[in-house]
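Dear colleague,

I am handing over the structure we spoke of, with the sequence alongside, and would be glad if you could look through it with the notes below at hand.

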Amino acid sequence: MPPFTMSVGKSKDFKKSIKYLFKAFGLYKWSVIIALSLAMIGTALSVVGPLLLNDMMKLLLQESVDFTKLTYYAITLIIIYIIAFIFTYLENFIMAKVSAKIAENFRRQIIEKINHLPFSYYDKNMYGDILSRMTNDVDLIGQTLNNTLSNLITSMTMIIGIPIMMFTISWELTLFSMLEIPLTIGLILLIVKFSQKYFVRQQKFLGDMNSHIEEIYSAHNVVKAFNGEAKALNEFDVVNKSLRISAKRSRYLSSLMMPSIDVIGNLIYAGICVFGAYLAISSNNLLFVTSIITFITYIKLFHQPMAQLGSIFSSLQSSAAASERVMEFLLEKEEPADSNSKKIDVVKGLVEFDHVSFGYNPDKIIIKDFSFTAKPGQNIAIVGPTGAGKTTLVNLLMRFYEINSGDIKIDGVSIKDMTRSYVRSLFGMVLQDTWLFEGTIRQNLKYGNPKATDEQMIEDCKMANVHHFITTLPGNYDMILKEDSMISQGQKQLLTIARAMIQNSPMLILDEATSSVDTRTEVLIQKAMERLTEGRTSFVIAHRLSTIRNADQIIVMNNGDIVEVGNHDELMKKQGFYYNLYSSQFDNDDEQKSENTGKTARISK
């Protein structure tokens with residue numbers, strides 16, 4: 001396992017991320033407008049409450065109390081607070097629904113994006129980080145949109161409405177209390193400037209951690225076999241420490257907002273008390289005391305949205321970092337769209353490679369000027385040392401990657417003129433790395449051909465020598481495969497071979513299809529493959545050269561070039577590269593047999 005490396009995240013554009021975040025509301029603008037209107041009205045009604053209380057206190061201080069008017073004020077105040085509660089509840093209900101829908105849309109966009117990204121993207125990025133964007137980042141965005149936007153509108157309504165109410169009581173005290181606005185906003189902007197980069201790093205390191213855990217968990221047997229637990233733990237500690245440091249710094253800086261805003265609010269509050277007392281004494285007006293009490297109530301209410309602004313901006317920082325990662329992924333360059341959609345009326349299986357050149361990096365070409373023709377129904381074996389370009393050749397044939405120059409044709413039609421999905425439907429494929437999803441065996445077998453009948457499925461499973469094994473399992477074909485299902489790698493490979501048979505495509509690609517089965521099963525599979533490939537053009541990548549002796553043509557590759565072409569007998573007579581490759585493999589087998597025989601003899605003694 002390579003050493004774990006991380007890249008430090010850096011905020012690219014906070015404003016752009018926030019803009020992208022709120023742009024997500026576009027599909028639900030009317031719901032959002034209704035919700036925010038409800039929040040605004042509910043907040044405005046709440047702001048009116050203390051003013052009514054002020055009028056009630058003035059009535060109580062009069063020599064003759066008008067209880068009818070006092071009762072009217074009390075009932076009005078109760079109704080206002082009930083309506084404000086209903087409006088706030090409806091606003092929260094609507095926003096919760098909208099934020100859940102937005103999170104759902106983000107996940108759908110990500111999964112659609114995954115299907116449209118080129119294979120080269122996955123060569124350069126870790127799977128765990130992509131999963132983190134879909135789960136952690138999207139969840140954080142949904143939570144922020146649910147809580148922050150309504151709080152922002154509520155706070156802004158209170159920041160505008162409360163000074164208006166306060167101005168009707170005392171313009172002098174109102175002007176003094178307004179000092180809290182520039183002081184608080186300046187403080188927030190200062191903290192955001194220094195803390196945003198740590199929120200971005202926090203989300204980045206969280207993705208790195210998910211990638212590391214996913215890698216270690218999927219290769220748990222390898223880690224155990226090579227006693228790599230300590231190394232894996234050390235690598236985890238590195239990324240965990242980085243996550244802890246970035247989280248600590250981001251939270252430390254953002255946590256400065258609330259206490260700092262509280263200090264500003266308390267100083268303004270103390271100043272208002274002193275200034276208000278002075279005005280009350282100098283005016284020698286008893287009723288003005290009630291106004292001072294009401295004003296102080298408004299000051300406490302006014303401090304609440306100012307404090308909320310700090311919490312809102314802290315949430316927006318985390319969400320902006322998550323939004324930046326989601327935006328970055330969704331804006332990745334996709335595979336070029338299919339401009340043509342030609343189809344072949346009757347697929348014969350003539351495959352032509354016409355001066356094909358390709359490199360995963362443009363400056364490093366690994367397949368150079370490759371030309372070859374596979375006639376219909378031929379069994380084409382592709383052999384060569386590791387890194388020769390065998391699997392790359394198949395990837396180009398399936399349009400997993402686009403060639404740099406040249407062309408590939410099937411029955412005279414360029415694969416560039418066909419859609420990718422159509423090209424891939426022409427081939428049944430069995431890879432060296434088995435892949436089975438969680439579901440029944442029946443669902444896995446019919447994955448490439450859902451319309452296949454059960455009779456066809458069973459017949460093909462018998463040909464693949466897997467029917468008997470399936471019938472011994474609990475549930476037979478309806479057994480659900482899971483990660484903890486006790487099925488060997490060889491048995492999984494047999495299932496994937498049967499799946500390719502059931503797909504019944506006109507051509508086949510077998511990439512080390514028998515690498516995980518024992519010798520006896522391999523012989524049976526080879527016989528089944530002979531029946532399967534009959535009449536079909538097939539490409540077989542093999543390291544065991546004994547399995548491709550009957551191939552119609554053998555392409556021998558080395559360093560991206562075709563060095564020899566012919567059948568087994570012709571290539572052996574040449575005594576060239578294939579001869580040396582074949583001989584060295586069997587010499588190694590003979591040496592291994594001799595070594596095993598020697599060990600057996602020593603043990604018997």
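What follows is an account of what was found, going from the whole chain to single residues.

Please keep in mind throughout that this is a predicted model. The protein chain holds 20 helices and 12 strands, and 46% of its 605 residues count as buried. Its accessible surface comes to about 32000 Å², with 58% of that area belonging to carbon and sulfur atoms. Where contacts join residues at least 6 apart in sequence, 79% of them are between residues at least 24 apart.

Among the helices, α5 has been looked at in some detail. Running over residues 127–167, helix α5 has 41 residues and reaches 58 Å from its first C-alpha to its last, which is close to the 60 Å expected at 1.5 Å a residue. There is nevertheless a kink of about 35° in α5, and this kink is centred on Arg133.

Helix α5 also takes part in a salt bridge, in which the side chains of Arg107 and Asp139 meet at 2.2 Å, N to O. Distant parts of the chain are linked by this pair, since Arg107 belongs to helix α3 (residues 67–116) and Asp139 to helix α5, 32 residues apart. Arg107 is partly exposed, with a relative accessible area of 28%, and Asp139, at 34%, likewise counts as partly exposed.

Turning to the interior, the largest nonpolar core has 40 residues, and those with the most contacts inside it are Ile441, Leu445, Val466, Ile470, Ile548, Ile554 and Tyr578. Helix α17 (residues 489–503) supplies the largest share of this core, namely 7 residues. A second, separate core has 36 residues, including Val351, Val413, Val423 and Leu426. As for Leu445, if its neighbours within four places in sequence are left aside, the residues in contact with it are Met457, Cys461, Ile470, Tyr477, Leu495, Ala498, Arg499 and Ile502.

The whole structure contains 14 salt bridges, and which residues are linked in a network of them? The network is made up of Glu335, Asp338, Arg399, Glu402 and Arg420. Within it, the side chains of Asp338 and Arg420 meet in a salt bridge at 3.1 Å, N to O. Asp338 is in the loop between α11 (286–330) and β1 (351–358), whereas Arg420 is in helix α13 (residues 420–425), so that this pair links parts of the chain 82 residues apart. Arg420 is buried, with a relative accessible area of 7%, while Asp338 is partly exposed, with a relative accessible area of 35%.

Arg420 forms a salt bridge with Glu402 as well, the closest N and O atoms being 3.2 Å apart. Because Arg420 lies in helix α13 and Glu402 in the loop between α12 (390–397) and β4 (405–410), the pair ties together parts that are 18 residues apart in sequence. At 31% relative accessibility, Glu402 counts as partly exposed.

Three further residues were examined one by one. The first to mention is Thr392, which lies in helix α12 and, at 8% relative accessibility, counts as buried. Leaving aside neighbours within four places in sequence, Thr392 is in contact with Phe358, Tyr360, Ile366 and Ile367.

Thr434 is found in the loop between β6 (427–430) and β7 (439–440). The C-alpha atoms of Thr434 and Gly490 are 9.2 Å apart in space, although the two residues are 56 residues apart in sequence. Once neighbours within four places in sequence are set aside, Thr434 is in contact with Gln489, Lys492, Gln493 and Thr496.

Finally, is Ala551 buried or exposed? With a relative accessible area of 7%, Ala551 is buried, which follows because the limit for that class is under 20%. The place of Ala551 is in the loop between β10 (537–541) and β11 (553–558). Ala551 touches Asn379, Ala381 and Asn567, not counting residues up to four places away in sequence. For Asn567, which is 16 residues from Ala551 along the chain, the C-alpha atoms of the two are separated by 6.5 Å.

With best regards

Notes:
Residues are numbered from 1 along each chain as its sequence is written. This is a predicted model: local features need pLDDT of at least 70, side-chain atom pairs count only at pLDDT 80 or more; totals for chains, interfaces and linings use all residues. Side-chain values use heavy atoms; hydrogens and water are left out. Helices (H or I, at least four residues) and strands (E, at least two) are DSSP runs, numbered from the N terminus. Buried means under 20% relative accessible area, exposed over 50%, partly exposed in between (1.4 Å probe, protein chains only). Contact means heavy atoms within 4.5 Å. Accessible areas come from the Shrake-Rupley method with a 1.4 Å probe; for residues, only the protein chains shown count as cover. The expected span of a helix is 1.5 Å times one less than its number of residues. The bend at a residue is the angle between axes fitted to the seven residues ending there and the seven starting there. A nonpolar core is a set of buried Ala, Val, Leu, Ile, Met, Phe, Trp, Tyr and Cys residues joined through side-chain atoms within 4.5 Å. A salt bridge is a side-chain nitrogen of Lys or Arg within 4 Å of a carboxyl oxygen of Asp or Glu.
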